Amino acid sequence: MRSAFGLLALAMACACCLGGCAGVTRNPLPAELSSEATILGMQDIRAWGGEFSPVFQADVVESIRQARAVDPRGVVGPDGYVNVLAISGGGAYGAFGTGLLCGWTEAGNRPDFKLVTGISTGALIAPFAFVGSQYDHIIKKFYTSVRTSDIFTQRPLLSLLGGTDALSDTAPLAGLLSQIVDEKLLAAVAEGHKRGRRLYIGTTHLDAGRLMVWNMGAIAMRGGPEALELFRKVMLASASIPVAFPPVYMNVEAQGKPYDEMHVDGGATTQVFFYGFMLDLSAAARSAGVTANPPIRIYVIRNGQVKSKWETVQPRLLPIASRSISDILFTQGIGDLYRIYTIATRDGIDFKLASVPDDYESKAKESFDPVEMSRMFEMAFSMAKGGYPWRSLPPGLREPSATTPTAGPAK
C-alpha cells in the first residue's frame, strides 16, 4: 500500500519532469487582503492555524458555556477527563484509524470527544468520529470497500503537457462525499456544536503557505445547501494531495470584490494538529467562569508508522526524488507529534498516541486496495477491542527508569 507520503512524493517527482503551460485561470486574492477575506455569506468560520485567533478563542469560551448548560461538568467522560481526538493524514492508512475507532466502540469505553481535529484522510474520518459510533458503519465501508478508481482517475498525458493543476481528477471522491456527507450528517454536527463540542478540519492555504483551520460545526450551524457544499469542499480540500490531486478553489470576498483562494491537503503544512497557538485554554476557562478545570486528555491517531522503512533506492532521478520527498514528509509528521506533545505537556494535558505497528507489512497492489485496507482495519479493530495500548510519549522518548542514574552537579 502506497502511503499518502509516497503518493505525494511520486507525484511531485513526476511533476518536476513535466513542462507546463498556463493551466487553470484564476482570480487570486491579493496578499494584502488576506486578513479581510471571508467566505461569501459566512463569517467567523476559519482562522490561521499558527497564530492566536480572537474569533476561535471567543468560540471556545462559548463552547464551555454551552457544554455546562447541558451538564455542569461540561463534556466530561466516565473516566473524568475532557477527551480530545486528533486524526492524522495517511491516505489509505486511514483504515487503521477507522478500525481503531470501531474497535473502541466495541470495547464499550469510547468517549464523546469535546474536540475532534482532522487532516487529509483524517478529515474524511473526523466528522463521523465527531458525531459518534452510530456512523461507524459508514467509515468502515468507506475504508474497506473503496479502491483507487473510487478516489481518483489519471488525467491523460497530453493534458499534463498542455498545462494542468494536477496529475489526477478527484471527481470520484467528490461524488462519494456527496453521498455520505448529507443533510443528516450536517444536522448531527450542528447538534454536537450546540452542546459545546467542536470539530476542526485543516487545509493548506497554498497561496499563503499556511495551515487554515475550519470550524466545521460553525459551518453546519448555518444549515442549507450552501453550508453543505462548503462542508464537503473543506473535506475534499483537506484530502487533496498537491500535484497528485487538483486544488480546491474557495470563493471569497474582500472589500466587496470576489476572489478565489487555492486550498490543498492540510498535510502539506501539518500531518496532525491540536489547537497549537490558536487558543489559550486557561484564559477561556476563566472567561467562562470556570474555577475547577477537569483534566484533559488528547488521543492522537497517526494513520501510519513512526519508524521509517528501509528501502534500497535505485540510482535514478525519480526514485531518489520520490524517496527524499517522502522522507521529508515522514519526518515532518513525527515532528508534529512532538509539537502536540510539547503543547500538551505545557498545558497539563495527558497525551496518548496510537500508530500502525512498525512491523506491519503492507501487501497492497494499488494505492487504495480494498483487500489490504480491510486487513489493516481488522488488525486495528482487534487491537482496540481488546484494549489498545496507547503510548504516553512520542516516538524516541522513554519514561525515566528507576535505575537510570541522574546527572550530578557540574564540576
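Start by selecting Arg323, which you'll find in helix 13, residues 317-346. This is a predicted model, so keep that in mind as you click around. Show whatever lies around Arg323 and, leaving out residues up to four places away in sequence, you'll see it touch Ser308, Lys309, Glu311 and Val313. Is Arg323 buried or exposed? Its relative accessibility is 19%, and since buried means under 20%, Arg323 counts as buried.

Next, pick Leu100. This residue sits in helix 3, which covers residues 94-107. Leu100 has a relative accessible area of 0%, so it is buried. What is it in contact with? Setting aside neighbours within four places in sequence, Leu100 is in contact with Ile301, Ala354, Ala380, Phe381, Ala384, Tyr388 and Trp390. Select those residues together with Leu100 and look at them as a group. For a ruler exercise, add Asp59: Leu100 and Asp59 are 41 residues apart in sequence, and their C-alpha atoms are 30 Å apart in space.

Now for some helix pairs. Two packed helices are described by the angle between their axes and the distance between the axes. Colour helix 9 (residues 183-194) and helix 11 (residues 224-238). Their axes come within 10 Å and cross at roughly 85 degrees, which makes helix 9 roughly perpendicular to helix 11. Turn on the side chains where they meet: helix 9 brings Glu183, Leu186 and Val189, while helix 11 brings Gly224, Ala227, Leu228 and Phe231. Sorted by class, this contact has five nonpolar, one polar and one charged residues.

Keep helix 11 on screen and swap helix 9 for helix 4, residues 121-131. At what angle do helix 4 and helix 11 pack? The angle is about 140 degrees, and the axes are 8 Å apart. That makes helix 4 oblique to helix 11. On the helix 4 side, select Ala123, Leu124, Pro127 and Phe128; on the helix 11 side, select Phe231, Met235 and Ser238. Here the classes come out as six nonpolar, one polar and no charged residues. Phe231 of helix 11 is worth a second click, as it takes part in the contact with helix 9 and in the one with helix 4.

Stay with helix 4 and look for the empty space. The structure holds two cavities of 30 Å³ or more, and the largest cavity has about 110 Å³ of space. It is lined by 13 residues, and those closest to its centre are Gly91, Thr121, Leu124, Ala239 and Phe368. Leu124 should look familiar, since it also belongs to the contact of helix 4 with helix 11. Helix 4 and helix 5 (136-145) each supply at least two residues of the lining. What classes of residue make up that lining? There are nine nonpolar, three polar and one charged residues.

Finish with two backbone oddities in loops. Select Ser120, in the loop between strand 4 (115-119) and helix 4. Its phi is near 55 degrees, a positive value in a residue other than glycine. Ser120 counts as buried, at 6% relative accessibility.

Then jump to Val243, in the loop between helix 11 and strand 9 (248-254). Val243 has a positive phi as well, near 80 degrees, and it too is a residue other than glycine. At 27% relative accessibility, Val243 counts as partly exposed.

Key
Residues numbered from 1 in each chain as written. Predicted model: local features only at pLDDT ≥ 70, side-chain atom pairs only at ≥ 80, totals over all residues. Heavy atoms only, no water. 1 Å grid on protein atoms, 1.4 Å probe; cavity = no way out; pocket = protein on both sides within 12 Å on 5 of 7 lines; lining within 4 Å. Points joined across faces, edges and corners; volume = space filled by probe spheres on them. Helix = DSSP H or I, 4+ residues; strand = E, 2+ residues; numbered from the N terminus. Nonpolar A, V, L, I, M, F, W, Y, C, P; charged D, E, K, R; others polar. Axes fitted to C-alpha atoms, helices over the stretch in contact; angles between N-to-C directions. Parallel < 35°, antiparallel > 145°, perpendicular 65-115°, else oblique. Contact = heavy atoms within 4.5 Å. Buried < 20%, exposed > 50% of the residue type's maximum accessible area, 1.4 Å probe, protein only.
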